[in-house]
Amino acid sequence: MATTSLPRTSNRSAVIAALLSGADVDRQRLIADTGLSRATVFRIVDDLMAESLALEGSRVLREGPGRQSTSVSFNHRSALVCGVDLGGTNCRVVVADALGRAIIRSRDTTPRDATADELAAWVAGKVADLVSRHGDGVPLHTVTIGLPGVVTGDGRSVVASHNLGQIKGTGFIEKVSELLGVETAVGNDSNLALRGELQYGSLPDRETAVLLAMGTGLGSAVSIDGQVLLSRTGLLGEFGRLPLPGREERLRDLLSGADLVAYARGRGVHVPTARALFADPEAYATVLAEVHGALAHLVTVVALAYEPGTVVLTGGFSESFDTARLTAISDQVADTVGVHSVVRRSDLGDSAGLLGSMATSLGRLYDSLGVRAEDAASVAVDRDLIVRRLAECPTAPTAPATPTEPTAPTAASGTTDEHDTAPHTRHDEQMAEG
């Protein structure tokens, strides 16, 4: 049996991957796309329909001899996935179908003063409530939570979190997983934001890229050949801790929202937010010159460390940097160290982390169905559709930020208690608005 199981598994993976674009596909087209025999394709499709993973479509009319057939599509209602972007300021949640099309989302103020158990119950309650009220009875399979902190490579522990200190350690992660009752993965929010950019943005799949998240905190993430780099301790790329040349201040003091506001006030410049500095560049020219210099220094560091083709800026006040300024920084770094990296703003804005969390949940769902990584990578994802569906999907009414014990959502079959080993690393603080 061992000699036949691998080919059968590979064949099933190829057929499912061919259906994951979400389009109705003629069986004859499946045969051509997968290179499998007619008998194999028809058998696998029959099996998928018996498992409620595939649906019969309309009859396909063809000219000439040969048996007419009906189209088939992947059953987007076979399972739900969830992505959570937990920040020190706000918590955003999206519930999507098995093709990644958003159904419902929410945005609430994070109860920062809650204990670890209370915060876990609050997050789990948000997810359970959205699934219960808007999931139409479809089972929840996997939840992925982006955390504002340094997360170990195995996803089991938070090393540090500047804005949500109570999630440090393993207690928060273990409690939220227990309460949800389904496979729950956690990861650093910057890493998940980069995964979102790779999956649904315009970053070239095989290009080295760096994401810099300049919200309330300063975070970073790196990808090589389309894979986000991980580290055992989660400290890889914690550039915000580096001191500025010849100064006591660290990079995050000038490149994260909360710390920049504090730094400006220490210089006698009283502004409510980091964005307010950029709104009046003449009045705040001195402080902004320091910010631009700090960003050029950070890009120089990451250019030497990774030689990225692109450096993507995201987070609360990253939109404040105009294109001309970013181009000048890119040219300055190239002149200084000989590495030319295009420095630009994010395609997805503050949706990147939420989309990355959802993409991770989708990946774990497909893995549970037997889809191999190489087949999953070949799926023709309609990126514009996924991003548009997230933007257009309804937002659940904001509920009071009262931690409660949730009723665990119904789990889809085939779930496990395994923790994620995908993107989980560096973030000094969090990516929320600056």
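Which strands does helix α11 lie across, and at what angle does helix α11 run to β15? Some notes on that and a few other spots follow.

1. To take the question straight away: helix α11 (residues 323–337) lies across β14 and β15, and its run makes about 155° with β15.

2. Before going further, keep in mind that this is a predicted model. The average pLDDT over the protein chain is 86, and 87% of the residues score at least 70. The stretch to watch is residues 413–434, where the pLDDT is below 50; in the model this stretch still has 125 contacts beyond near neighbours in sequence. Where pLDDT is low, the predicted coordinates should not be read in detail.

3. Back to the sheet. It is an open one of 5 strands, in the order β13-β12-β11-β14-β15, and the pairing is mixed. At the edges stand β13 (227–228) and β15 (342–345); each has a single partner strand, so one side of each is left without a neighbour in the sheet.

4. Within that sheet, β11 (residues 209–214) and β12 (residues 218–224) run antiparallel and are joined by 6 bridges. If you want a pair to click on, Ala209 has Ser223 in β12 as its bridge partner. Helix α10 (residues 285–306) also packs on the sheet, where it touches β11, β12, β14 (310–314) and β15. The direction of α10 makes about 150° with that of β11.

5. Now the helix pairs, with α6 (residues 189–200) as the shared member. Its axis and that of α12 (residues 352–368) come within 6 Å and cross at roughly 75°, which makes α6 roughly perpendicular to α12. On the α6 side the contact includes Leu192, Arg195 and Tyr200, and among the α12 residues they meet are Leu355, Met358 and Leu362. By type, the residues of this contact divide into 8 nonpolar, 7 polar and 2 charged.

6. Helix α6 also packs with α14 (residues 383–392), at an angle of about 130° and with the axes 9 Å apart. These two helices are therefore oblique to each other. Here Leu198, Gln199 and Tyr200 in α6 meet Arg383, Ile386 and Val387 in α14. The split for this contact is 4 nonpolar, 1 polar and 1 charged.

7. One last residue: is Ala124 buried or exposed? Ala124 sits in helix α4 (residues 116–134), and it counts as buried because its relative accessible area is 0%, against a cut-off of under 20%. Ala124 and Gly181 are 57 residues apart in sequence, and their C-alpha atoms are 9.4 Å apart in space.

Methods. Residues numbered from 1 in each chain as written. Predicted model: local features only at pLDDT ≥ 70, side-chain atom pairs only at ≥ 80, totals over all residues. Heavy atoms only, no water. Helix = DSSP H or I, 4+ residues; strand = E, 2+ residues; numbered from the N terminus. Buried < 20%, exposed > 50% of the residue type's maximum accessible area, 1.4 Å probe, protein only. Axes fitted to C-alpha atoms, helices over the stretch in contact; angles between N-to-C directions. Parallel < 35°, antiparallel > 145°, perpendicular 65-115°, else oblique. Contact = heavy atoms within 4.5 Å. Nonpolar A, V, L, I, M, F, W, Y, C, P; charged D, E, K, R; others polar. pLDDT = per-residue confidence, 0-100. Pairing = 2+ DSSP bridges.
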